[in-house]
Amino acid sequence: MKKLLTFLLLLCSFSCLPMMAQKKGTFEAGKGSFMLNGKPFIVKAAEMHYPRIPRAYWDHRIKMAKALGMNTICIYIFWNIHEQREGQFDFSDNNDVAAFCKLAQKNGMYVIVRPGPYVCAEWEMGGLPWWLLKKKDIRLREQDPYFMERVKIFEEKVGEQLAGLTIQKGGPIIMVQVENEYGSYGEDKPYVSAIRDCLRGIYGKELALFQCDWSSNFEKNGLDDLVWTMNFGTGANIDQQFRRLGQLRPDAPKMCSEFWSGWFDKWGARHETRDAKDMVDGMDEMLSKGISFSLYMTHGGTSFGHWAGANSPGFAPDVTSYDYDAPINEYGLATPKFYQLREMMAKYNDGKKMPAVPKAPMPIITVPKFELKEFAPFHGNQHLIPAVNPMTFEEMDLGWGMTYYVTKLPEVPVQSVLTMDAHDYAQVFIDDVYIGKIDRVKNEKSLTLPAIKKGQKMSILVEAMGRINFGRAIKDFKGIVGDVVINTEIDGNEVAWTLKRWTMTPISDDYYRAARSFDSDAYPNSLGKPLGDHMGKRGYYRGYFNLKKVGDTFLNFETWGKGQVYVNGHAMGRIWSIGPQQTLYVPGCWLKKGKNEIIVLDVVGPKEAVVWGQDKPELDKLQLEKSNKHNNIGDKPDLNSDTPAATGAFSAGNGWQKVNFAKQAKGRLLCIECLSAQDGKEMSAIAELYALDAQGKRLSREPWTTKYADSENENGNHTGDKVYDLQESTYWQTSKGAGFPHLLVIDLGSEQTVSGIEYLPRAEQGAPGSVKNYRIYVK
Ligand code: GLA
Ligand code: CA
């Protein structure tokens, strides 16, 4: 007994010792600089997200950041990965954020925590849990009582993990962020104050709390007692970014809390990159001016499973890879950008030698091509749900996956049009024959149907992608939202049917459901009949590959349709033939010697059910039906006989500009004709554009689409839609050699009264491509 006690005591003192030995410290915003333990301190933070890195690799990735000369790790907390079901919290394994922070500390790094509740981050619903949407009228990121109640519970749970790890208590955490870029969402100081108070209550009043926003909008919600930091990307004009802050708080330390090293990728668009030299120069400039930063991302990693989010306006789901063109690539290795950055950072390392670049934890392996020979059709979850109107996933208590909606059709003797709002990818069948799809990414809302006989069966398979993570559209219900309507004309009369009496079969997209589909004993009841007999090759495919040696690999899925992949029970992420991502990163720590299992869920069906592992990722191969350009000459409006609503010249330089029309104009098309550039060169570029209504307020850009652009640089994703994507760092740009004038035509979605526009040139020094002479038409 005594022996056991001594042993337990010993064990405890061993495991507690390292933490107890940590000295308590202080961190605060001082005059002109942050102060760490009373001395000026420049934060050099590396952003990485622990759920985007397998736990076995955490230590390596932190050491990689350290080798860049960073002194801090900056993390987000994704609420929805910790509370996947209301009230059920998970901080174990890959979710063990406290362990991650302690590991950072063990490596001599400080930690900045950004616990939301909303975080954006190209993550499903910006980190908010989907089940909040079960309260249909919930006001997200506002003082909705239910929202605030859940926020408080969540933040307290995180606090149980982290509140003991603040610098004041001897831990690594030096700062905590309040909300995230609230200025891009709204203006609501009482709400932001409530989040501040909640966090202050948890972490104590000594811990530094900060807000991050854009230089163009941080004043809207800036609270007097919080540190203000700015977010901007590679290439931005840094003095311009801090000008306003400098005027308001001349003595405050400056920090770029998100300096974007690259950018995220969306399905159907080119892989994004940012120039290494521009990134390094920007950081060099900041360090030379004593400006702190967090490099977002230093290591992006992977949005495994169904965790990738989507952007808006429009619906632009993000790919699985979160490589971000960051200096440490998706699989943890140093890129050329890494070495260029490291060389620059060495100048600011107090004359000390830079920490060594650690060895990769695993080799990279290839896997010869193999076939997935087993097939199982889709089976539903537990039960069929009957209802008069189609229900959303949230109403059916389904977080992620698909739903199969079935109803009987009325007699429609001629061709008709089916209309619905399907979130996000719907395939329509009549009597099990495929009719077509409605793809939200392409803004599709309708489909032509052949003549229908009374009583024919209509089935709609709706697959959800990630919920929108940016802007007001984060309230993103999945499945069929609203009515399904058939319209046609019979004998000159318009006829419409709203389809009623549906049966719905929810199918969740987890490994359990996938594996169970191959189990013939699992479906003894009426549901035993698979949903797949009508759906051709849509379903689950299972196969195996043998490994003699374990390592990281990139499984190639370019012969597959669209869906999800599971390897040895781990959800690896989404696949979609359109690209640009064609391979999935499979970490070696999740593979084993001998037999490994893979299941592919394909909602479209593969051309060939084969997979192989390559030693490099394929992140930039598009397989599109048609290009993303908007240069169909038939869409170009004839402006020859029109009078412009405004003509004139913009000023040079960065920052927003406004044009008030002499007379209000009415129309659906907003046409910007660029006649010359400030720099005298041939290129035009616009980062953001707003139309102002009769009262001079910004019109909603949710319904906007690009009607026509006579020139677009598609390679860098500088297409017309970038002027209303809510991102100040992305822009429309014409391609080389396309002479003036340049025309960009935006469809406002419906006729509007427009009294003026607001225009933002590129954020880079000198605002490259900024427009000088313009003509604006509303048509
Ligand atoms: C903003 C958000 C981040 C991320 C980046 C883009 O700055 O705060 O979470 O979404 O944009 O990658
Ligand atoms: Ca933009």
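**Briefing: salt bridges, cores and cavities**

Arg114 and Glu47 form a salt bridge, with their closest N and O atoms 3.0 Å apart. This pair joins distant parts of the chain, since Arg114 sits in strand S6 (residues 110-114) and Glu47 in strand S4 (residues 44-47), 67 residues apart. The model is predicted. The points below cover its salt bridges, nonpolar cores and cavities.

**Salt bridges**

- The count of salt bridges comes to 49.
- Arg114 counts as buried because its relative accessibility is 1%, under the 20% limit.
- Its partner Glu47 is also buried, with a relative accessible area of 0%.
- Lys135 and Asp144 meet through their side chains in a salt bridge, at 3.2 Å from N to O.
- In this pair, Lys135 is partly exposed at 28% relative accessibility, whereas Asp144 is buried at 2%.
- A salt bridge also links the side chains of Lys205 and Glu206, with an N to O distance of 3.5 Å.
- Lys205 counts as exposed because its relative accessibility is 66%, over the 50% limit.
- Glu206 is exposed as well, at 51% relative accessibility.
- Arg196, Asp197, Arg200 and Asp225 are joined into one network by salt bridges that share partners.

**Nonpolar cores**

- In soluble globular proteins, nonpolar side chains tend to be buried together.
- The largest nonpolar core holds 110 residues.
- Met70, Ile73, Leu140, Phe147, Leu162, Met283 and Leu341 have the most contacts inside this core.
- Another core, of 29 residues, lies apart from the largest one and includes Met396, Met420, Ile452 and Val462.
- Beyond its neighbours within four places in sequence, Met70 contacts residues including Ala65, Met109, Met283, Phe293, Leu295, Leu341 and Met345.
- Lys44 and Thr298 are also among the contacts of Met70.

**Cavities**

- The model has 8 cavities of 30 Å³ or more.
- The largest cavity encloses about 120 Å³ of space.
- This cavity is lined by 15 residues, and Cys120, Glu122, Glu181, Glu258 and Trp260 are the closest to its centre.
- The lining of the largest cavity is made up of 10 nonpolar, 2 polar and 3 charged residues.
- The second largest cavity has a volume of about 60 Å³.
- Residues lining the second largest cavity include Glu122, Trp263, Phe264, Asp265, His271 and Asp318.
- Val319, Ser321, Tyr322, Asp323 and Tyr324 also line the second largest cavity.
- By class, the lining of the second largest cavity has 5 nonpolar, 2 polar and 4 charged residues.
- Glu122 lines the largest cavity and also the second largest.

Methods
Residues are numbered from 1 along each chain as its sequence is written. Chains are lettered from A and ligands numbered from 1 in the order in which they are written. This is a predicted model: local features need pLDDT of at least 70, side-chain atom pairs count only at pLDDT 80 or more; totals for chains, interfaces and linings use all residues. Side-chain values use heavy atoms; hydrogens and water are left out. A nonpolar core is a set of buried Ala, Val, Leu, Ile, Met, Phe, Trp, Tyr and Cys residues joined through side-chain atoms within 4.5 Å. Buried means under 20% relative accessible area, exposed over 50%, partly exposed in between (1.4 Å probe, protein chains only). Contact means heavy atoms within 4.5 Å. On a 1 Å grid over the protein atoms alone, a cavity is a set of points where a 1.4 Å probe fits but cannot get out, and a pocket is an open set with protein on both sides within 12 Å along at least five of seven lines; lining residues have an atom within 4 Å of a point. Grid points are joined across faces, edges and corners, and a volume is the space filled by probe spheres set on the points. Ala, Val, Leu, Ile, Met, Phe, Trp, Tyr, Cys and Pro count as nonpolar, Asp, Glu, Lys and Arg as charged, and the others, Gly among them, as polar. A salt bridge is a side-chain nitrogen of Lys or Arg within 4 Å of a carboxyl oxygen of Asp or Glu. Helices (H or I, at least four residues) and strands (E, at least two) are DSSP runs, numbered from the N terminus.
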